Amino acid sequence: MFCHVKELQFDVHVEEPDPRFASLLLEQFGGGNGELKAAMQYFVQAFSCRKPYPEKYDLLMDIATEELSHLEIVGATITMLLDGINGELKDAANNVEWVDIMNDNAKKEQFIHEAVMDPQFLSLSGGGPKLSDSQGNPWTANYVTANGDPTVDLRSNIAAESRAKIVYEYLMQFTDDPGVKDTLGFLMTREIAHFKQFQAALEDIQPNFPPGVLQGDPRFTHKYFNMSNGEDVRGPWNQGQGPWQNGEQWEYIEDPVNQVVSSQGQKSAKAGGDKKSSKEAKKKSQELSKQRSQEIKQSMSKKGKNWSDYSASRASQPGSPSGDRDKPRQRPS
Ligand SMILES: [Fe+2]
């Protein structure tokens, strides 16, 4: 269940209206890397973790809920940056000039320009945020990625936090308002915190590579195909041990065309850098499949299911702060 607390997680202060920046900030309200996308992504991912991985469920729901709190902060900031516009729109009979909102002509001009560039923002939202990006594209569930495997979803989330962080970083360059900068700094910093939280949760799952369950074919996992002519660059992505475990290394295929022809389209290709045999990889796939499948099956009750366990619930007395809420449970080992 959700309860709404009326105070914002971070107090927003805005010096003066700035419809131009309000428009840009919509990117983090209803854009592809914005707060709603993050909230919905972690929320949707959480359901499949509820029983088998309750600790990941707790993390995903906590961060999803924090992202909703950030959506609220962004919405409040946009509304304050458009302060006064709704009132003016309501004074429809008098067709009041916008001068009262904008304290000089240059700003008024700028405001009219913004209204012309994205008229729907003002004519439909009437001075509040709307669920679109800064270009007016409506928010879509296509922004959300949830693949039902925590090692995949957590990696998607690390990427999502990275993108959200850089968008805040860019946005901060388009406002001089110290209060707005402070707010964006807070939101940007929380993306860093979430990045680390997801990273730690991913490390907590072992093994977590490759993503999913099936191992790669050792004949192909360690090959680097040099697919370009001209000057080639070597580094840990195609040379030596790189990110592999001890005893393994990259196999650099200098001439991929020759490799394809001589191996008859990989039919006779051999493992170059992976010390596992195909048989060992297959065995590992089977073991991991069994382990992951067991984890999920064990968490399922045969019949008569309930989502919640109220007997283990926190509330001690109505109206009191939840009983054992402050006693964190350790993750089951
Ligand atoms: Fe975040």
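A residue is buried if 20 or more other C-beta atoms lie within 10 Å of its own, exposed if 12 or fewer, and partly exposed in between. The model used in these exercises is predicted.

**Exercise 1. Burial at an annotated site**

Take the UniProt "binding site" (unreviewed entry) that includes D62 and S228. State where D62 and S228 lie, and classify each as buried, partly exposed or exposed.

*Solution.*
- Step 1. List the site. The UniProt record puts D58, D62, N226, S228 and G230 in it.
- Step 2. Place the two residues. D62 lies in helix 4. S228 sits in the loop between strand 1 (223–225) and strand 2 (251–253).
- Step 3. Count neighbours for D62. There are 14 C-beta neighbours inside 10 Å, so D62 is partly exposed.
- Step 4. Count for S228. It has 9 other C-beta atoms within 10 Å, so S228 is exposed.

**Exercise 2. A site gathered from distant sequence**

A second UniProt "binding site" annotation (unreviewed entry) covers E35, E67, H70, E161 and H194. Are these residues gathered or scattered in space?

*Solution.*
- Step 1. Look at the sequence. The five annotated positions span 160 residues.
- Step 2. Look at space. No two of their C-alpha atoms are more than 13.0 Å apart, so the residues gather at one spot.
- Step 3. Assign elements. E35 belongs to helix 3 (residues 35–47). E161 is part of helix 8. H194 is in helix 9 (residues 178–204).
- Step 4. Check burial. E35 is buried, with 24 C-beta neighbours inside 10 Å. E161 is buried, with 24 such neighbours. H194 is buried too, with 24 other C-beta atoms within 10 Å.
- Step 5. Trace contacts, leaving aside neighbours within four places in sequence. E35 is in contact with Q28, F29, E67, H70, L71 and V74. Among these, E67 and H70 belong to the annotated site. E161 contacts E191, H194, F195 and F198. H194 touches I63 and E161. The pair E161 and H194 thus joins two site residues directly.

**Exercise 3. Helix 8: length and buried face**

What span should helix 8 have, and how far apart are its end C-alpha atoms? Then find where its buried residues fall around the axis.

*Solution.*
- Step 1. Helix 8 has 22 residues (150–171). At 1.5 Å a residue it should span 32 Å.
- Step 2. The end C-alpha atoms are 31 Å apart, which agrees.
- Step 3. List the buried residues: P150, D153, L154, N157, A160, E161, A164, V167, Y168 and L171.
- Step 4. Look down the axis. The buried residues of helix 8 fall within an arc of 140°, so they line one face.
- Step 5. Recall the geometry. An α-helix has 3.6 residues a turn, so residues three or four places apart point the same way.
- Step 6. Name the cover. It includes helix 1 (19–25), helix 2 (27–30), helix 3, helix 4 (54–81) and helix 9.

**Exercise 4. Helix 9 and its partners**

Which helices do the buried residues of helix 9 pack against? Test the length of helix 9 as well.

*Solution.*
- Step 1. The 27 residues of helix 9 should span 39 Å at 1.5 Å a residue. Its end C-alpha atoms are 39 Å apart, which agrees.
- Step 2. Buried here are V180, T183, L184, L187, R190, E191, H194, F198, A201 and L202.
- Step 3. These residues pack against helix 1, helix 4 and helix 8.
- Step 4. Add a distance between helix 8 residue E161 and K196. The two are 35 residues apart in sequence and 9.4 Å apart in space, C-alpha to C-alpha.

**Exercise 5. The core and the whole chain**

How many residues does the largest nonpolar core have, and which helix gives the most to it?

*Solution.*
- Step 1. The core has 38 residues. L25, F29, I78 and L81 have the most contacts inside it.
- Step 2. Helix 1, helix 3, helix 4, helix 8 and helix 9 each supply at least two residues of this core. Helix 4 gives the most, with 10 residues.
- Step 3. Inspect I78. Beyond neighbours within four places in sequence, I78 contacts A22, L25, L26, F29 and P129.
- Step 4. Zoom out. The protein chain holds 11 helices and two strands. Its elements run α-α-α-α-α-α-α-α-α-β-β-α-α from the N terminus.
- Step 5. Weigh burial and range. Buried residues make up 25% of the 333 residues. Of the contacts between residues at least 6 apart in sequence, 73% join residues at least 24 apart.

Conventions:
Residues are numbered from 1 along each chain as its sequence is written. This is a predicted model: local features need pLDDT of at least 70, side-chain atom pairs count only at pLDDT 80 or more; totals for chains, interfaces and linings use all residues. UniProt positions are given in the numbering used here, feature names are shortened, and annotations may be inferred rather than shown by experiment. Helices (H or I, at least four residues) and strands (E, at least two) are DSSP runs, numbered from the N terminus. Two residues are in contact if their C-beta atoms, placed from the backbone, lie within 7 Å. The expected span of a helix is 1.5 Å times one less than its number of residues. The arc is that of the directions from the helix axis to the C-beta atoms. A nonpolar core is a set of buried Ala, Val, Leu, Ile, Met, Phe, Trp, Tyr and Cys residues joined through C-beta atoms within 7 Å.
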